[in-house]
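Please look at the sequence and the model shown below, and keep both in view while reading. The report goes from the whole chain to a few chosen places in it.

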Amino acid sequence: ETATRAAAERAVAAIATPFHTAGREIRLEANAGVALFPRDSNELDGLILRAERALERAKRARRAVAFYRRDSDAASHHSLYLESDLRAAIEREELSIVYQPICYLPTGEILGLEALTRWEHPTRGPINPGSFVELAERGGFIDRIDRWALREATSQLATWSRLGSNVLVTVNMAAQTLSDPTLPRYIEELLQETGAPADLLVLEVTERTALEDYDSSAGVLKSLRETGVGVALDDFGRGYSSLATLDQLPISFLKLDAGFTRGIGTSLKDEYLMRAVKLFTKGIGMPFVAEGIETEAQRTWLIQQGIRFGQGYLFSRPTACENIVPPRNSRASARLLPPLPADVPRSPN
């Protein structure tokens with residue numbers, strides 16, 4: 001196995017070596033999955049199948065090389081079956097949307113509602129969202145879930161708007177979905193079809209998605225903002241990105257990762273970071289939401305620091321839309337989403 005590993009690592013390193021074409025430097029990444037004859041199988045088809053499973057492990061663990069391990073085979077089978085069930089659930093529209101309020105901390109008033117996708121498996125029951133999102137990302141079909149969720153949430157936003165509500169509705173978008181250049185047009189068509197107000201729809205993108213490939217992300221986010229919708233930076237702080245980068249992205253507001261809220265009262269580091277983010281975002285005129293608020297003590301501390309917006313179980317767990325009564329005839333959401341710049345078109349709706 002040692003010699004085989006060395007050979008695989010050399011192959012991966014060779015692929016990753018930068019090369020130049022048309023005056024530009026090109027960099028590639030590679031992973032390798034390895035199965036050994038006759039230890040893992042004495043048939044070609046069996047070896048290929050087991051090498052593919054080893055490759056999946058390498059990608060998940062972000063390792064250059066991974067070997068097939070029999071003890072991981074059962075888990076791999078389970079994952080493949082679950083992925084197949086998820087694809088079928090999407091086709092049969094068996095997913096559902098729940099909403100969690102984003103609140104004005106001093107009063108508890110609802111300013112926005114985050115749309116969250118859920119999957120109730122017919123035999124296994126509720127599937128952890130992180131698990132099925134990961135399956136969809138690995139399988140390359142997360143964009144189908146995101147677009148479905150976007151359609152459902154936009155339709156619900158239109159319904160609430162017709163009833164006189166002005167709360168924001170936010171929808172999470174994966175990196176794969178955002179990379180599709182047809183997304184802005186899809187959103188424009190949804191807004192026209194449903195009559196939902198563009199200035200009350202917000203797309204949530206993770207810090208990692210927005211900042212790891214900054215040059216690409218900035219252009220995509222700008223195109224999205226030009227449709228009239230807002231963009232929020234989710235899970236901020238998890239990747240410890242440079243605050244200076246935020247001022248250069250077309251972000252409406254950011255959401256501080258829940259881990260920092262949990263540190264209130266126990267971690268000076270988390271408290272200092274939250275104060276620093278508050279000062280910085282105030283300076284550039286960007287609101288932020290503290291996620292993961294579960295206790296009155298956390299809420300009180302945040303208010304004392306001048307932090308006005310939050311989300312968490314203290315206010316509500318994610319719930320079906322029929323259990324939500326958003327406020328009517330209120331522009332409370334304008335506290336969280338500043339007016340669009342003059343050069344960004346308003347919704348025609």
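Of the 349 residues of the chain, 47% count as buried. The chain, which is shown here as a predicted model, holds 13 helices and 13 strands. Among the contacts with a separation of 6 or more, 68% are between residues 24 or more positions apart. The mean pLDDT of the chain is 85, and 87% of the residues reach 70 or more. Over residues 339–349, however, the pLDDT is below 50, although this stretch has 18 contacts in the model beyond near neighbours in sequence. Where pLDDT is low, the predicted coordinates should not be read in detail.

**Two packed helices**

Two packed helices are described by the angle between their axes and the distance between the axes. Helix H5, which covers residues 142–162, packs against helix H7, residues 183–194, at an angle of about 35 degrees, and their axes are 10 Å apart. The crossing in which H5 passes H7 is right-handed. On the side of H5, the contact is made by Arg147, Leu150, Arg151, Thr154, Ser155, Ala158 and Arg162, while H7 contributes Leu183, Tyr186, Ile187, Leu190, Leu191, Glu193 and Thr194. Sorted by class, the contact of H5 with H7 has seven nonpolar, three polar and four charged residues.

**Aromatic pairs**

How many aromatic pairs does the structure hold? There are three aromatic pairs, and two of them are set out in the table.

| Pair | Distance of ring centres | Angle of planes |
|---|---|---|
| Tyrosine 99 and tryptophan 160 | 5.2 Å | 70 degrees |
| Tryptophan 119 and phenylalanine 132 | 6.0 Å | 85 degrees |

With planes at 70 degrees, over the 60 degrees that edge-to-face requires, the pair of tyrosine 99 and tryptophan 160 is edge-to-face. Tyrosine 99 lies in strand E5 (residues 95–104) and tryptophan 160 in helix H5, so this pair ties together parts that are 61 residues apart in sequence. Both tyrosine 99 and tryptophan 160 are buried.

The rings of tryptophan 119 and phenylalanine 132, with their planes at 85 degrees, are edge-to-face as well. Because tryptophan 119 belongs to strand E6 (residues 109–121) and phenylalanine 132 to helix H4 (residues 129–139), the pair ties together parts that are 13 residues apart in sequence. Tryptophan 119 is buried, and so is phenylalanine 132.

**Three single residues**

Tryptophan 119 and phenylalanine 132 appear again around isoleucine 127, which touches Leu82, Trp119, His121 and Phe132 when residues up to four places away in sequence are not counted. Isoleucine 127 is placed in strand E7 (residues 125–127). Its relative accessibility is 11%, so isoleucine 127 counts as buried. From isoleucine 127 to leucine 82 there are 45 residues in sequence, but the distance in space is 9.7 Å, C-alpha to C-alpha.

Is serine 316, found in the segment after strand E13 (309–310), buried or exposed? Serine 316 counts as buried because its relative accessibility is 19%, and the limit for buried is under 20%. Leaving aside neighbours within four places in sequence, serine 316 is in contact with Gln100 and Pro101.

Threonine 295 lies in the loop between strand E12 (288–290) and helix H13 (296–304). At 34% relative accessibility, threonine 295 counts as partly exposed. The C-alpha atoms of threonine 295 and arginine 262 are separated by 9.6 Å, while the two residues are 33 residues apart along the chain.

Note on methods. Residues are numbered from 1 along each chain as its sequence is written. This is a predicted model: local features need pLDDT of at least 70, side-chain atom pairs count only at pLDDT 80 or more; totals for chains, interfaces and linings use all residues. Side-chain values use heavy atoms; hydrogens and water are left out. Axes are lines fitted to C-alpha atoms, for helices over the stretch in contact, and angles run from 0 to 180 degrees between N-to-C directions. Helices (H or I, at least four residues) and strands (E, at least two) are DSSP runs, numbered from the N terminus. A crossing is left-handed if the near helix is turned anticlockwise from the far one by less than a right angle, and right-handed if clockwise. Contact means heavy atoms within 4.5 Å. Ala, Val, Leu, Ile, Met, Phe, Trp, Tyr, Cys and Pro count as nonpolar, Asp, Glu, Lys and Arg as charged, and the others, Gly among them, as polar. pLDDT is the predictor's confidence in each residue, from 0 to 100. Buried means under 20% relative accessible area, exposed over 50%, partly exposed in between (1.4 Å probe, protein chains only). Rings of Phe, Tyr and Trp (its six-membered ring) pair if their centres lie within 6.5 Å; planes under 30 degrees apart count as stacked, over 60 as edge-to-face and the rest as tilted.
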